[in-house]
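Me: I'd like a close look at one small part of this model, starting from a single residue and working outwards. Here is the whole thing for orientation.

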Amino acid sequence: MAFGVGEMEAEKQRLPRPRQVLLLFVMLSQAWAEQKGYTVAEETESGSFVANLAKDVGLGVRELSWRRARVIFNNNENHLQLNLHTGDLQVNEKLDREELCGPAEPCVLYFQVLLEEPLEVYKFKLLVSDINDNSPVFPEAEMILKIMENTPPGTVFPLKNAQDLDVGVNNIQNYTIYPNSHFHVLTHNGSEGRKYPELVLDKSLDREEQTELRLTLTAVDGGAPPKTGTALVLIDILDINDNAPEFAQSLYQVQISENSPLESLVATVSATDLDTGINGEIFYSFFYSDEEIAKTFALNELTGEIKIIRKLDFEKIESYEMDIKASDGIGLSGKCTVIIQVLDINDNVPELTVVSVLNHIPENSSEITVALFSIQDRDSGENGRMVCSIQDDVPFMLKPSVENFYRLVTEGELDREIRAEYNITITVTDLGTPSLKTEQNITVLVSDVNDNAPAFTQTSYTLLVQENNSPALHIGSVSATDRDSGTNALVTYSLLPPDDPHLPLASLVSINADNGHLFALRSLDYEALQAFEFRVGATDRGSPALSSEALVRVVVVDDNDNSPFVLYPLQNGSGPCTELVPRAAEAGYLVTKVVAVDGDSGQNAWLSFQLLKATEPGLFSVWAHNGEVRTARPLSERDAAKHRLVVLVKDNGEPPLSATVTLQVLLVDGFSQPYLPLPEAAPDQVQDDSLTVYLVIALASVSSLFLFSVLLFVAVRLCRKNREASGGRFSLPEDRFLGHLGDISGTRTLSQSYQYEDCLREGSGTSEFKFLNSIMPNHHGAVNDVEEKSNFVKGFGFNLKSVEFSENSG
């Protein structure tokens with residue numbers, strides 16, 4: 001950390017002197033900590049001691065071990081190793097400074113010492129010092145110079161420089177030439193620190209005396225002992241060519257993107273020569289053949305175009321500097337310098353290195369560090385700036401730590417029941433155009449704790465049980481689930497004490513503790529207990545255990561185990577009830593009604609009635625749904641006076657149950673006749689004689705009426721014919737005798753009113769007399785009063801009226 005002088009002075013003025021001293025000490029300590037480094041000479045043997053890291057960071061050797069100290073280089077190489085037993089930093093492998101840093105000086109490798117628990121990072125740098133392990137090497141073993149014989153002394157001829165992979169004093173320091181009767185060599189410093197030899201002519205040349213000169217050029221480095229490299233300089237003395245090629249500009253500076261395609265034109269150099277003919281022809285070439293430049297660029301010797309022949313990489317070489325020579329036909333030449341600046345593009349994907357990761361974390365825990373990782377991008381500028389992120393749908397966040405390290409931590413407490421596994425994608429994106437990114441997937445499993453009580457599938461259960469069940473019958477089940485896992489999700493069922501203290505729950509049902517199956521312990525009776533309720537509990541096996549409860553209602557379903565019971569007529573062992581029916585009753589006359597009940601419910605209590613036995617079949621019928629006993633046809637004098645009916649009452653159960661009832665029906669002429677009890681041993685003969693008398697009287701009456709009607713009809717016909725014969729002075733309507741409807745009511749002691757219709761009709765071929773047709777009552781059993789009607793036949797002086805019969809009439 002660096003502070004300006006003004007800032008330090010201002011800080012000193014604000015603080016007391018002891019604090020000023022302390023602040024200065026802290027600032028110096030921080031600056032020393034940031035610049036702390038070690039030096040290792042290249043080619044040092046593996047295992048060599050570098051420094052005692054424990055002493056430098058102020059930690060004990062044991063503390064380094066339990067805090068899991070490790071050495072991390074920015075280039076992800078293991079150049080040094082840390083001995084956790086001694087705290088020493090040691091060389092892990094031989095270091096080649098030229099391979100690591102190339103021509104860069106100084107050669108500094110940055111690394112961090114990472115302490116994982118708790119997290120702490122110390123920054124260091126490793127300086128790899130150079131040793132003189134490389135000799136100077138000329139690009140060509142032989143250099144040829146063509147020098148005009150009229151070249152004046154003092155003329156300078158540039159020579160190709162040698163290359164030494166070492167740096168600093170171990171690099172080339174000077175050049176010498178031997179023999180030096182005509183020339184001496186000057187060492188010239190280049191723009192990048194390279195030293196170039198220049199050959200200086202000391203005295204004029206004479207081609208007639210000597211056509212060529214052979215000189216040995218020696219490059220000497222500054223090592224101890226120094227190392228040298230030599231090349232042969234062949235000087236060809238030419239005739240006069242007094243104009244050398246000259247470039248349009250001595251320095252060309254161009255920029256090219258590192259992703260430029262092959263054969264792309266980088267630059268075009270151009271030179272001119274004032275001479276003509278062969279002395280004016282110009283050929284371009286690299287002034288010295290640097291291996292890296294020769295592999296990367298191609299120069300057209302005729303046009304001076306420079307093109308790319310190998311992919312550029314900004315991260316390896318940021319710029320190229322080359323000298324181009326233009327030579328004419330005789331050998332004169334000129335030189336220019338071309339500097340090619342490589343522009344960086346975003347061609348390196350960010351790198352992500354996971355240092356540590358925690359794959360299992362317990363739920364309901366506060367902020368936990370799940371992973372520790374570092375990021376790096378080898379590009380520069382905006383292309384090397386990075387943004388680190390994770391997806392939005394996970395309860396995790398990234399926290400930047402020291403340097404380029406990040407921590408992946410939980411945002412809060414996790415719930416395994418909501419989500420037990422998270423796949424977290426860490427994305428590192430640079431700010432280049434277009435941006436590049438790297439993704440790293442981390443899977444985190446959430447461990448369960450017992451934080452969920454068992455939950456029943458229903459808050460209440462209704463179970464149906466048929467009465468008269470067998471003991472230990474499985475009547476149903478309750479089920480509860482626990483969102484936890486393992487033993488926390490194992491559920492045990494139990495019966496809870498009933499709310500009603502009088503309910504003998506322990507003797508009614510039991511429950512299987514493992515699966516929630518419910519069993520009836522004894523046979524249930526619907527007529528005694530139709531339903532009961534109780535609560536069941538579900539408890540998990542976590543620590544502490546959690547529980548819940550649900551309500552169970554058991555409904556006893558009725559079984560057809562009760563036969564119908566007849567309420568009316570009573571069957572109490574005394575004599576059967578006798579029903580009186582007038583002989584004047586029409587078909588459908590309500591004799592009586594059988595009333596019965598059933599102790600069951602539902603369709604088991606639906607009753608139907610059926611006439612099982614009768615003294616005279618076909619005379620009476622029983623309505624199946626209401627038990628009403630009615631006459632099936634009109635009664636006659638021929639019907640017996642006493643009838644015995646057996647009615648079957650049957651329920652709708654499966655199988656059906658039934659009961660029978662016996663009815664005694666007595667036919668009487670009218671309710672005004674005193675009712676005498678029927679004799680037990682009864683002289684049936686007397687009864688039969690009375691019936692015979694009644695029948696004879698009835699037949700005589702009917703026959704008399706019929707005869708009278710026939711005579712009346714014959715008289716009417718004869719009268720009509722006489723009138724037609726006399727000219728039709730008087731005519732009767734087509735229907736001479738209209739039907740007459742009469743109302744015959746008794747003394748209102750019967751339950752019904754009866755209407756009788758008497759009619760004489762003409763034209764039907766026969767005379768018909770209708771008598772005692774009963775009008776059926778409505779379904780409620782109400783009696784409809786019928787008014788008397790009379791119909792007079794005009795022109796005859798008589799009418800047929802309805803006659804009201806009393807109960808005493810025969």
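What relative accessibility does Glu117 have, and what does this residue count as? Please take in its salt-bridge partners and whatever else helps to place that corner of the chain.

Reply: Glu117 has a relative accessibility of 43%, so this residue counts as partly exposed; the scale runs from buried (under 20% relative accessible area) through partly exposed to exposed (over 50%), with a 1.4 Å probe and protein chains only. A word on ground rules: this is a predicted model, in which local features need pLDDT of at least 70 and side-chain atom pairs count only at pLDDT 80 or more, while totals for chains, interfaces and linings use all residues. Residues are numbered from 1 along each chain as its sequence is written, and side-chain values use heavy atoms, with hydrogens and water left out.

Now to the partner. Glu117 meets the side chain of Arg68 in a salt bridge, at 2.6 Å from N to O (the cut-off is a side-chain nitrogen of Lys or Arg within 4 Å of a carboxyl oxygen of Asp or Glu). Arg68 sits in the loop between helix 4 (61-66) and strand 3 (69-73), and Glu117 in the loop between strand 6 and strand 7, so the bridge ties together parts that are 49 residues apart in sequence. Helices (H or I, at least four residues) and strands (E, at least two) are DSSP runs, numbered from the N terminus. Arg68 is partly exposed as well, at 39% relative accessible area. The two aren't on their own, either: Arg70 and Glu116 join Arg68 and Glu117 in a network of salt bridges.

The two strands on either side of the Glu117 loop have a link of their own. Across the whole structure, a search turns up 11 aromatic pairs. Phe111 and Phe124 make one that is stacked, 5.6 Å centre to centre with 15° between the planes. Phe111 belongs to strand 6 (residues 107-115) and Phe124 to strand 7 (residues 120-129), so to speak of distant parts of the chain here is to speak of 13 residues. Phe111 is buried, and Phe124 is too. Another pair, Phe138 with Tyr175, has ring centres 6.1 Å apart and planes at 55°, so this one is tilted. For reference, rings of Phe, Tyr and Trp (its six-membered ring) pair if their centres lie within 6.5 Å, with planes under 30 degrees apart counted as stacked, over 60 as edge-to-face and the rest as tilted. Phe111 and Phe124 also share one aromatic cluster with Tyr38 and Phe73.

Back to Phe138 and Tyr175: both are buried. A salt bridge also starts from the loop between strand 7 and strand 8. Lys160 and Glu140 bring their side chains together at 2.7 Å, N to O. Lys160 is in the loop between strand 9 (156-158) and strand 10, and Glu140 is in the loop between strand 7 and strand 8, 20 residues apart. Lys160 counts as buried, at 13% relative accessibility, whereas Glu140 is partly exposed at 29% relative accessible area.

If you want something to set beside these, try Glu417 and Arg416, whose side chains meet in a salt bridge at 3.2 Å, N to O. Here Glu417 counts as buried at 12% relative accessibility, and Arg416 counts as buried at 14%. In all, the search of the whole structure finds 27 salt bridges.

Charges also turn up over rings elsewhere (NZ of Lys or CZ of Arg within 6 Å of the ring centre and within 35 degrees of the ring normal). Lys335 lies over the face of Phe287, 5.4 Å from the ring centre, and the charged end of Arg630 sits over the ring of Trp623, 4.7 Å from its centre.

Zooming out for the backdrop: the chain's secondary structure comes to 8 helices and 53 strands. Of its 810 residues, 37% count as buried. Contacts (heavy atoms within 4.5 Å) between residues at least 6 apart in sequence join residues at least 24 apart in 66% of cases.
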